[in-house]
Amino acid sequence: MVDYSIQNKKAWEYNAYEFWVKQSGTPVDRAKKDLENPIGMLKRYSDYFDTYNGIKVANICGSCGKKAVPLAILGAEVTVFDISEDNRKYALEVATAAKVNLNFEVCDILEIDKEKYGNYFDVVFMEGGVLHYFHEIDEFMCIMYSLLKNNGKMICSDFHPFSKISIFYILNNRLWVIFQRKSLKGKWHMPGFLKKIFASKCLSAVTESIQLVRLLILS
């Protein structure tokens with residue numbers, strides 16, 4: 001497991017189960033909501049599934065199963081890949097309460113067992129902020145491709161959490177960044193050049209480095 005994956009695992013196993021109970025309710029309560037309206041729980045992503053019954057879905061960084069369980073209720077065979085044991089615990093308890101089967105693999109996404117899951121899935125599905133966890137997008141996408149059957153498809157809707165604390169616009173061919181300090185709570189991990197910007201007294205900064213744009217992957 002690469003260093004940044006170890007850091008991600010540590011973060012996502014810090015009181016994650018308690019967080020989901022607080023945010024989404026007990027597993028039993030969450031299961032009731034999923035059962036009442038599984039299509040509604042999938043939200044806009046339901047538009048991208050041609051069918052549900054019997055398809056094999058890989059839910060990448062599937063977290064607490066908030067999309068995996070509704071998919072399973074609708075008849076899909078879902079495997080969640082996620083780095084957190086706490087997420088697994090909550091997701092499987094929701095699945096049990098909903099009386100559906102859910103496979104949950106706790107692993108580094110970059111180390112998915114390709115002998116077991118290569119060319120296995122009809123759909124690779126991810127949403128809600130995934131790509132920023134991976135430093136090498138080419139490597140990540142090669143793994144996603146390897147999981148798909150011939151004529152399979154990937155559904156990816158993404159954003160970068162950085163977009164929640166900043167406003168970006170381009171003026172005079174320069175990228176302007178306005179930081180919303182009131183949105184910053186707790187400890188943040190960020191690249192060195194961003195630390196320098198945050199350390200300044202200015203609420204705005206200018207950069208000519210187009211690399212910063214790569215931080216923005218908006219849905």
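Is Asp-82 buried or exposed, and what is its relative accessible area? In this predicted model, Asp-82 is buried, with a relative accessible area of 6%. The legends below begin with the whole chain and then turn to single sites.

**Figure 1. Overview of the chain, with its 9 helices and 8 strands.** The chain has 219 residues, of which 42% count as buried. Among contacts between residues at least 6 apart in sequence, 67% join residues at least 24 apart. The surface exposed by the chain amounts to about 12,800 Å², and carbon and sulfur atoms supply 52% of that area.

**Figure 2. Close-up of Asp-82 in strand S2.** Strand S2 covers residues 77-82, and Asp-82 is placed within this strand. Its relative accessible area of 6% is below the 20% limit, and therefore Asp-82 counts as buried. Neighbours within four places in sequence are left aside in the following list of contacts. Asp-82 is in contact with Cys-61, Gly-62 and Ser-63, with Asn-87, and with Phe-104, Glu-105, Val-106, Cys-107 and Ile-109. Two of these partners, Cys-61 and Ser-63, appear again in later figures.

**Figure 3. Close-up of Ala-58 in strand S1.** Ala-58 is buried, with a relative accessible area of 0%. Ala-58 and Thr-79 are 21 residues apart in sequence, yet their C-alpha atoms are 5.1 Å apart in space. Thr-79 is also among the residues that Ala-58 touches when residues up to four places away in sequence are not counted. The other residues touched by Ala-58 on this basis are Phe-81, Phe-121, Val-123, Val-124 and Phe-125.

**Figure 4. Close-up of Lys-67 in the loop between S1 and H5.** What is the relative accessibility of this lysine, Lys-67? The value is 6%, and Lys-67 therefore counts as buried. Leaving aside neighbours within four places in sequence, Lys-67 is in contact with Met-41, Leu-42, Tyr-45, Asn-59, Phe-125 and Glu-127. Phe-125 is one of the residues touched by Ala-58 as well. A further pair to locate in this view is Lys-67 and Ala-91, which are 24 residues apart in sequence and 9.9 Å apart in space, C-alpha to C-alpha.

**Figure 5. Close-up of two residues with positive phi, Ser-63 and Asn-151.** Ser-63 is not a glycine, although its phi is positive, at about 55°. This serine is placed in the loop between strand S1 (56-60) and helix H5 (68-73). At 10% relative accessibility, Ser-63 counts as buried. Asn-151, likewise a residue other than glycine, has a positive phi near 70°. Asn-151 is placed in strand S5, which covers residues 148-157. With a relative accessible area of 82%, over the limit of 50%, Asn-151 is therefore exposed.

**Figure 6. Close-up of the contact between helices H2 and H6.** Two packed helices are described by the angle between their axes and the distance between the axes. The axes of helix H2 (residues 16-24) and helix H6 (residues 85-98) come within 7 Å and cross at roughly 45°. Because of this crossing angle, H2 is oblique to H6. Helix H2 contributes Ala-16, Tyr-17, Glu-18, Trp-20, Val-21 and Ser-24 to the contact, and helix H6 contributes Asp-86, Asn-87, Lys-89, Tyr-90 and Glu-93. By class, the contact of H2 with H6 has 5 nonpolar, 2 polar and 4 charged residues. Asn-87 of this helix pair is also one of the contacts of Asp-82.

**Figure 7. Close-up of cysteine residues in a structure that holds 0 disulfides.** Cys-61 is in no disulfide. The nearest cysteine sulfur to that of Cys-61 belongs to Cys-107 and is 9.0 Å away. Both Cys-61 and Cys-107 are in contact with Asp-82. Cys-156, at 33% relative accessibility, counts as partly exposed.

**Figure 8. Close-up of Glu-136 in the loop between strand S4 and helix H8.** Strand S4 covers residues 121-127 and helix H8 covers residues 137-147, with Glu-136 in the loop between them. Glu-136 has a relative accessible area of 48% and is partly exposed. Which distance separates the C-alpha atoms of Glu-136 and Leu-110? The separation is 9.9 Å, for two residues that are 26 residues apart along the chain.

How values were computed: Residues numbered from 1 in each chain as written. Predicted model: local features only at pLDDT ≥ 70, side-chain atom pairs only at ≥ 80, totals over all residues. Heavy atoms only, no water. Helix = DSSP H or I, 4+ residues; strand = E, 2+ residues; numbered from the N terminus. Buried < 20%, exposed > 50% of the residue type's maximum accessible area, 1.4 Å probe, protein only. Contact = heavy atoms within 4.5 Å. Areas by Shrake-Rupley, 256 points an atom, 1.4 Å probe, with all protein chains shown as cover. Axes fitted to C-alpha atoms, helices over the stretch in contact; angles between N-to-C directions. Parallel < 35°, antiparallel > 145°, perpendicular 65-115°, else oblique. Nonpolar A, V, L, I, M, F, W, Y, C, P; charged D, E, K, R; others polar. Disulfide = S-S within 2.5 Å.
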